[in-house]
Protein chains: 2
Amino acid sequence: MLLTPEQLRRHFQERGLKFTSQRYAIYRALAGSTEHPSVEDLYSTVKASYPTLSMNTVYNTLESLKEIGIASEISLWHDKARFDANQASHHHLVCLRCKKIEDLYDDTLDRLALSPKAKHRYRITGHRVEFHGYCSRCKPKMNKPQKRR
Amino acid sequence: MLLTPEQLRRHFQERGLKFTSQRYAIYRALAGSTEHPSVEDLYSTVKASYPTLSMNTVYNTLESLKEIGIASEISLWHDKARFDANQASHHHLVCLRCKKIEDLYDDTLDRLALSPKAKHRYRITGHRVEFHGYCSRCKPKMNKPQKRR
DNA sequence: TCCTAAATAAGAATAATTACTATTTACCAC
DNA sequence: GTGGTAAATAGTAATTATTCTTATTTAGGA
Ligand SMILES: [Mn+2]
Ligand SMILES: [Mn+2]
Ligand SMILES: [Zn+2]
Ligand SMILES: [Zn+2]
């Protein structure tokens, strides 16, 4: 499961990215955890063996790992909070580029439930489904990232 | 759909909260939009009619509206980014209090798809399902909010 | 071994959110 | 209606997460 340094090096080099020991250490910290760590978590962990590590390197490495496709960001919405007064049961269709959010009504999605075996772990209060993609305006520019608003 | 001032006043007073004209204006701005606005969006909109409005009041009002149950925050994860190196298709079980994230494997969830009518609006690249609730440690303290880490 | 572009580290800048405090106001009791 | 009081507001400062800037170091190719 955990990639060896040489395997990871290959991934980086295929994308024209350089392979560094910091990058491997950060990868190892992320892949070795089931905690879905934050940047700060990874920084603290890796800092122990790389005392001069900077936050910037962690952010930078995570971007690269995402690009390569061996890590992902769970939190689509960490940039700013978004609110909704529509309390009807519904879900969302989200544009990854312009952050537009459209409502999505679908009974099947409303009725999803946890499998019985998983159910007793948590006291569930709800669920959400988000479909991600590119809206009609953004489809043509999928690869040109948009600046912050 | 849009609550009248008197209806909204009732909601506030049932919870022992005071009803103010700012609060109604913010509610109106939120409920009158389909854009899933950010705090900044609401601030700008309402500021036009309340030139002395402060951000604080917008945050404060949104908290109250959430408490009352007539608005919700779409973005669970806006506080800080969280990462995952597990690229196997899976979903998440999230504790609303301690922010713990557990993996959830479920074929049914993996296979969700948009209804054909919705499908052509977006170029869909994926979807996620998040179940929310309280983990076993947090169940007993559901009402005692946790301080930031 | 050398060159060069990319990565790193350190720190500054920005953006979103939260905290603090003086003033104002909603609402309750009279 | 008037007054008292706790809560809400406005204005500002502080904090936190993220992004940017720049000088220095280094990976990887020639
Ligand atoms: Mn919605
Ligand atoms: Mn996961
Ligand atoms: Zn878009
Ligand atoms: Zn918990």
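What geometry does the site of the zinc ion (ligand 3) have, judged by the angles among its 4 donor atoms? I looked this up first, bearing in mind that the model is predicted. The angles run from 103 to 114°, and the site is tetrahedral. I noted for reference that four tetrahedral donors ideally stand at 109.5 degrees.

**Zinc ion (ligand 3).** I listed the protein donors as the SG atoms of C95(A), C98(A), C135(A) and C138(A), at 2.2 to 2.4 Å from the ion. Along the chain I read their spacing as C-x2-C-x36-C-x2-C. I then placed two of these donors: C98(A) sits in the loop between β3 and β4 (101–104) of chain A, whereas C135(A) belongs to the segment after β5 of that chain, so the pair ties together parts 37 residues apart in sequence. Both C98(A) and C135(A) are buried.

**Manganese ion (ligand 2).** Here I found donors from two chains: H36(A) through NE2, and from chain B D84(B) (OD), H90(B) (NE2), H92(B) (NE2) and D103(B) (OD), lying 2.0 to 2.3 Å from the ion. I checked the accessibility of two of them. D84(B) is buried at a relative accessible area of 6%, and H90(B) is buried at 12%.

**Nonpolar cores.** The largest core has 27 residues, and I recorded L112(A), F131(A), L112(B) and F131(B) as those with the most contacts inside it. In each of chains A and B, β3 (91–95) and β5 (123–134) each supply at least two residues of this core. Beyond its neighbours within four places in sequence, L112(B) is in contact with residues including L109(A), L112(A), F131(A) and H127(B). Apart from the largest core I found another, of 25 residues, among them L3(A), F19(A), L53(A) and V58(A).

How values were computed. Residues numbered from 1 in each chain as written. Chains lettered and ligands numbered in written order. Predicted model: local features only at pLDDT ≥ 70, side-chain atom pairs only at ≥ 80, totals over all residues. Heavy atoms only, no water. Donors = N, O, S within 2.8 Å, 3.2 Å for Na, K, Ca; no water. Buried < 20%, exposed > 50% of the residue type's maximum accessible area, 1.4 Å probe, protein only. Core = buried A, V, L, I, M, F, W, Y, C linked by side-chain atoms within 4.5 Å. Helix = DSSP H or I, 4+ residues; strand = E, 2+ residues; numbered from the N terminus. Contact = heavy atoms within 4.5 Å. Tetrahedral: all angles 85-135°; square planar, octahedral: opposite > 155°, others 65-115°.
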